[in-house]
Amino acid sequence: MEEILKILPQHTCSWLKDKVTLYKYQDFWAVKQLLEGGILAQQTFRAAPSDIFLCSFPKTGTTWVKSLAFAIVTREKYDESTNPLLTSLVHECVPFLERDIEKIDDNHKNSNFPLVATHLPYASLPESVLASNCKIVYIYRNTKDVIVSLYHFLREALKLSMEDAPFEDAFDEFCQGICSSGPYWDHILGYWKASLERPERILFLKYEDLKRDPASNAKRLAEFIGYPFSLDEEKAGVVDNIINMCSFENLSNLEVNKTGTRKPGAIENRLYFRKAKDGDWKNYFTDEMKEKIDKLMDEKLSGTGLVL
Ligand code: A3P
């Protein structure tokens, strides 16, 4: 692995006080640990036909989609008081391809738990996933809110103040495409093009749509991944219960998500739950920044019809 990493282009993020180095591999950037996990997955992972991939660029709503999908697929096993989402961080409940490959292999062997999450770009998914008919759910979000969310997440994970980590520099790097799993536009485009080729295979969800209308989007999600809600379930309030359990208000106020950490030295759970507000970018962007990123994204995504 070291041999592979040694020859890759590298970038050290000066706005993070040089504490983060990114490597460019197969046209995307990643931190060492996740890249190593991604390469290992490419080399060894064998998809099961029943796998359901939850794919996302960081900070676009991964935690939310994972919670909803977990609650949907386990709803016969747990009720609202016994669901593991109430006592564990969702990233512990749904394995992450770049980090939890052994857990996923165990799930393949010992259970029929189908969910796997990843930040890998479409073209870099393991060959066995690309060749399979596994369902893929892709969530995306307003670019400016992603930039702000990513900025605070990384800054806080490294315990840097806003003075120490200038937002303008984080913004500039993002616009150059340099951030983990970036460039953002390429990440979206990869999944988007694949969804045009095989629309039955990839569901696109938008964070803002999920916020505006959680019920119909949760139903779309359940239907798509093969766990549709019955009319009786709808009447009994199962959809609403799942939405409420997975809401930002509920999850962010759970003790495990307020004070927990997965393991010593790991990122604090609370950092996955910041504000969950649409348009928080307005508190950080100058007019010039807004113009620059809007123009860039319009150019990059032109012809897709996607509005970010
Ligand atoms: P903000 O930083 O804007 O608050 P990811 O899960 O991909 O890491 O994205 C994190 C973003 O999703 C954060 O956005 C976080 O607050 C928000 N988020 C986390 N859980 C959520 C939930 N249950 N519902 C809505 N948004 C959620």
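This is a short tour of a predicted model, beginning at the ligand and moving out to a helix and a few backbone details.

**Stop 1: the ligand**

Select the ligand and show the residues around it. There are 18 of them, and K59, T62, T63, S149 and A276 come nearest. Colour this shell by residue type and you will find eight nonpolar, six polar and four charged residues.

Now look for the polar contacts, going one residue at a time:

- T60: a backbone N or O atom of this residue sits 3.1 Å from an oxygen atom of the ligand.
- Y207: here a polar side-chain atom lies 2.8 Å from a nitrogen atom of the ligand.
- K275: a polar backbone atom of this residue is 2.7 Å from an oxygen atom of the ligand.

How much of the ligand does the protein bury? On its own the ligand exposes 570 Å², and the protein buries 97% of that.

Next, switch to a cartoon view. Two elements, α3 (62-73) and α14 (248-252), each give two or more residues to the shell. With three residues, α3 provides the largest share.

**Stop 2: A276**

Stay by the ligand and pick A276, one of the residues that come nearest to it. You will find A276 in the loop between α15 (255-259) and α16 (287-300). Check its backbone: phi is positive, about 55°, although A276 is not a glycine. Is A276 buried or exposed? Its relative accessible area is 19%, and buried means under 20%, so A276 counts as buried.

**Stop 3: helix α11**

Select residues 214-224, which form helix α11, and show the side chains of its buried residues: N217, A218, L221, A222 and F224. They lie on the same side of α11, because they cover an arc of only 165° around the axis. An α-helix has 3.6 residues a turn, so residues three or four places apart point the same way.

What do these buried residues pack against? Add α3, β6 (135-140), β7 (202-206), α10 (207-212) and α13 (238-245) to the view and you have the partners. You met α3 at the first stop, as the element with the largest share of the ligand shell.

Then step past the end of the helix: α11 is followed by G226, which has a positive phi near 90°.

**Stop 4: two more loops**

Go to G182 and P183, which are joined by a cis peptide bond with omega about 0°. P183 belongs to the loop between α8 (167-175) and α9 (184-197).

Finish at D18, in the loop between β1 (10-12) and β2 (21-25). Its phi is near 60°, a positive value in a residue other than glycine.

How values were computed:
Residues are numbered from 1 along each chain as its sequence is written. This is a predicted model: local features need pLDDT of at least 70, side-chain atom pairs count only at pLDDT 80 or more; totals for chains, interfaces and linings use all residues. Side-chain values use heavy atoms; hydrogens and water are left out. A residue is near a molecule or strand if one of its heavy atoms lies within 4 Å of it. A polar contact is a pair of N or O atoms within 3.5 Å; within protein, one must be able to donate a hydrogen and the other to accept it, and residues adjacent in sequence count only if both atoms are side-chain atoms. Accessible areas come from the Shrake-Rupley method with a 1.4 Å probe; for residues, only the protein chains shown count as cover. Helices (H or I, at least four residues) and strands (E, at least two) are DSSP runs, numbered from the N terminus. Ala, Val, Leu, Ile, Met, Phe, Trp, Tyr, Cys and Pro count as nonpolar, Asp, Glu, Lys and Arg as charged, and the others, Gly among them, as polar. Buried means under 20% relative accessible area, exposed over 50%, partly exposed in between (1.4 Å probe, protein chains only). The arc is that of the directions from the helix axis to the C-beta atoms. Contact means heavy atoms within 4.5 Å.
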